[in-house]
Amino acid sequence: MATKAKSSLISSFLKLVDSSDYDKITVTNLVEVCGISRQTFYYHFDDIDKMVNWAFENETKTICNNINDSNLSDSAEQYAEFLRRYDKLMRKASVTNNFIKIYNLLNESFKTFLNKYISIKHSSENEDTDFFISYCASAFTGLVVLEIQKDASNYSALMKKLFKSIKSIA
């Protein structure tokens with residue numbers, strides 16, 4: 001039940017992002033659109049930033065839990081779908097003081113995703129692997145920032161190019 005309420009809050013937040021400035025959305029706006037009380041919101045989250053953090057972490061965890069050696073390209077497409085779902089949020093946050101928060105969430109999300117992918121392909125982890133994952137996550141986050149500056153983002157193509165490159169070196 002808690003996950004359903006949280007997911008409903010995220011869906012309502014994404015609807016609000018479609019029509020409002022990211023940094024102008026309040027808990028009051030959110031609970032009105034979602035049809036819940038402020039107490040219910042605060043039962044689940046301390047603030048909107050914590051809610052967005054939870055959304056990124058939860059989506060990433062869900063995708064990573066489904067990765068296996070036989071569905072790596074499907075998982076990459078699921079990650080692209082995650083990016084599409086949060087595209088408007090990332091675009092609107094990019095012109096606010098909240099952008100660095102979203103940038104860091106995206107970077108951590110992709111590090112988690114890439115770490116899971118590499119752990120499937122290679123059983124041993126070392127300091128070089130951690131560096132490689134951080135490097136790729138930072139580069140990927142930069143590519144997403146470039147992508148959200150375009151009129152239309154193509155996250156599927158980005159993920160395909162990325163995993164083609166990673167497969168050739170990892």
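This section describes helix α4 and its surroundings in a predicted model, together with the packing of helices α4 and α5 against α7.

Helix α4 comprises 18 residues, 48-65. At 1.5 Å a residue, a helix of this length should span 26 Å, and the C-alpha atoms at its ends are 25 Å apart, which agrees with that expectation. At the start of α4, the backbone nitrogen of Asp49 is approached by a side-chain oxygen of Asp47, which reaches to within 3.2 Å.

The buried residues of α4 are Ile48, Met51, Val52, Trp54, Ala55, Phe56, Glu59, Thr60, Ile63 and Cys64. In an α-helix there are 3.6 residues a turn, so residues three or four places apart point the same way. The cover over the buried residues of α4 includes helices on both sides of it in sequence: α1 (2-19), α2 (27-34) and α3 (38-44), as well as α5 (72-85), α6 (87-93) and α7 (99-121).

One of these covering helices, α7, packs against α4 at an angle of about 15°, and the two axes are 10 Å apart. Because this angle is under 35 degrees, α4 and α7 count as roughly parallel to each other. Their crossing is right-handed. From α4, the contact is made by Asp49, Val52, Asn53, Phe56, Thr60, Ile63 and Cys64; from α7, Lys101, Ile102, Leu105, Leu106, Ser109, Thr112, Phe113 and Lys116 take part. Val52, Phe56, Thr60, Ile63 and Cys64 are thus found both among the buried residues of α4 and in the contact with α7.

The loop between α4 and α5 contains Ser70. This residue has a relative accessible area of 70% and is therefore exposed, the cut-off being over 50%. The C-alpha atom of Ser70 is separated by 19 Å from that of Thr112, a residue 42 places away along the chain.

Ser75, by comparison, is located in helix α5. With a relative accessible area of 0%, Ser75 is buried, because the limit for that class is under 20%. Beyond its neighbours within four places in sequence, Ser75 is in contact with Ile63, Asn66, Ile67 and Phe113.

Helix α5 also packs against α7, here at an angle of about 175° and with the axes 12 Å apart. An angle over 145 degrees counts as roughly antiparallel, and α5 and α7 are therefore so described. Leu72, Ser75, Ala76, Tyr79, Phe82 and Leu83 of α5 meet Leu106, Ser109, Phe110, Phe113, Tyr117, Ile120 and Lys121 of α7. Leu106, Ser109 and Phe113 of α7 accordingly take part in the contacts with both α4 and α5.

Terms used
Residues numbered from 1 in each chain as written. Predicted model: local features only at pLDDT ≥ 70, side-chain atom pairs only at ≥ 80, totals over all residues. Heavy atoms only, no water. Helix = DSSP H or I, 4+ residues; strand = E, 2+ residues; numbered from the N terminus. Expected span 1.5 Å × (residues − 1). Buried < 20%, exposed > 50% of the residue type's maximum accessible area, 1.4 Å probe, protein only. Contact = heavy atoms within 4.5 Å. Polar contact = N/O pair within 3.5 Å; in protein donor to acceptor, adjacent residues only side chain to side chain. Axes fitted to C-alpha atoms, helices over the stretch in contact; angles between N-to-C directions. Parallel < 35°, antiparallel > 145°, perpendicular 65-115°, else oblique. Left-handed = near helix turned anticlockwise from the far one by under 90°.
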